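The exercises below are meant to be worked with the sequence and the three-dimensional structure side by side. Try each task before reading its solution.

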Amino acid sequence: MVPTPSQSASSPGDDAHSLSSENGPTTSLIGLGELHRMHCARLLRFFARHGARQDAADLVQESFARLAGVRAKYGTPIERPEAYLSTIASNLLRDRAKIALRCPLAWHVPIDEVPVAGHDPIAALEARDQLKRLQASLARLSPKTRSIFLAHRRDGVSYKDIANQTGLSVKAIERRMSKAIAHIDRVRRAR
């Protein structure tokens, strides 16, 4: 039996509504090429809206690859492939956010290992410029997202404690942290 989107490991959450099909119902007999033609633009917009503009094409390809894998595994058509694609897309974003939360920790360098700029004026200017860009990127975040980001990253407060303090859910805290990290990372790479 082919699983329906509601039977998948994790549900698409609030984003499922923003991914609903714009092209009407899709039958289970449509091939992958036709599904791609019908839903590619919708998925690209979805990924771009959720902070993955640069990787949107890769994420769309991964969505269809996973759909093809499920079709091949069960050997029968999926009842509502557009809904299944929506679930896959939401899960890809969720996985991406989880990875983004772990990656910055790998980039962390203890302060003791950072070379002091000393008398090198160019290094001092670069460090000051990088600090200004970081401060500017933090200033562009919404006040609530900025306070959540700083509470977790600077003060070491857990998501659960931040959720209790702000009245938001832990999932909402995760989404705001993911957006903040993606924003700061874009600014850092835009050098």
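The model is a predicted one, and every value used in the solutions is computed from it.

**Exercise 1. Determine which secondary-structure elements the protein chain contains, and what share of its residues is buried.**

Solution. Begin with the elements: the protein chain has 7 helices and 0 strands, so that, read from the N terminus, the order is α-α-α-α-α-α-α. Then turn to accessibility, where 33% of the 191 residues count as buried. Finally, look at the contacts between residues at least 6 apart in sequence, of which 66% join residues at least 24 apart.

**Exercise 2. Decide whether V60 is buried or exposed, and list what V60 touches beyond its sequence neighbours.**

Solution. First place the residue: V60 belongs to helix α2, which covers residues 56-74. Next apply the cut-off, by which buried means under 20% relative accessible area; V60 is therefore buried, because its relative accessibility is 2%. Once neighbours within four places in sequence are set aside, V60 is in contact with H36, C40, L43, L44 and F47. For L43, one of these residues, the C-alpha atom is 6.2 Å from that of V60, although 17 residues separate the two in sequence.

**Exercise 3. Carry out the corresponding analysis for K171, and state how far K171 is from K160.**

Solution. K171 is located in helix α7. Its relative accessibility is 44%, and because values between 20% and 50% count as partly exposed, K171 falls into that class. The C-alpha atoms of K171 and K160 are 9.6 Å apart, with their positions 11 residues apart in sequence.

**Exercise 4. Describe how helix α4 packs against helix α7, and find the part that S137 plays in the contact.**

Solution. Two packed helices are described by the angle between their axes and the distance between the axes. For α4 and α7 (residues 170-189), the angle is about 145 degrees and the axes are 10 Å apart, and the crossing is right-handed. The contact is formed by R133, L134, S137 and L138 from α4, together with H183, I184 and V187 from α7; by class, these residues comprise 4 nonpolar, 2 polar and 1 charged.

Now consider S137 itself, which lies in α4, residues 121-139. S137 has a relative accessible area of 0% and is therefore buried. Not counting residues up to four places away in sequence, S137 touches H183, I184 and V187. A polar atom of the S137 side chain is also 2.8 Å from the backbone oxygen of L134.

**Exercise 5. Compare the two packing arrangements of helix α5, taking α7 and then α6 as the partner.**

Solution. Start with α7: α5 (residues 143-153) packs against it at an angle of about 90 degrees, with the axes 9 Å apart, and the two helices are therefore roughly perpendicular. On the α5 side the residues are K144, T145, I148, F149, H152 and R153, and they meet I173, R176, M177, A180, I181 and I184 of α7. This contact has 7 nonpolar, 2 polar and 3 charged residues.

Continue with α6 (residues 159-166), where the angle to α5 is about 145 degrees and the axes are 10 Å apart. The crossing of α5 and α6 is right-handed. K144, I148, A151 and H152 of α5 make this contact with Y159, I162 and T166 of α6, and the classes are 4 nonpolar, 2 polar and 1 charged.

Methods: Residues numbered from 1 in each chain as written. Predicted model: local features only at pLDDT ≥ 70, side-chain atom pairs only at ≥ 80, totals over all residues. Heavy atoms only, no water. Helix = DSSP H or I, 4+ residues; strand = E, 2+ residues; numbered from the N terminus. Buried < 20%, exposed > 50% of the residue type's maximum accessible area, 1.4 Å probe, protein only. Polar contact = N/O pair within 3.5 Å; in protein donor to acceptor, adjacent residues only side chain to side chain. Contact = heavy atoms within 4.5 Å. Axes fitted to C-alpha atoms, helices over the stretch in contact; angles between N-to-C directions. Left-handed = near helix turned anticlockwise from the far one by under 90°. Nonpolar A, V, L, I, M, F, W, Y, C, P; charged D, E, K, R; others polar. Parallel < 35°, antiparallel > 145°, perpendicular 65-115°, else oblique.
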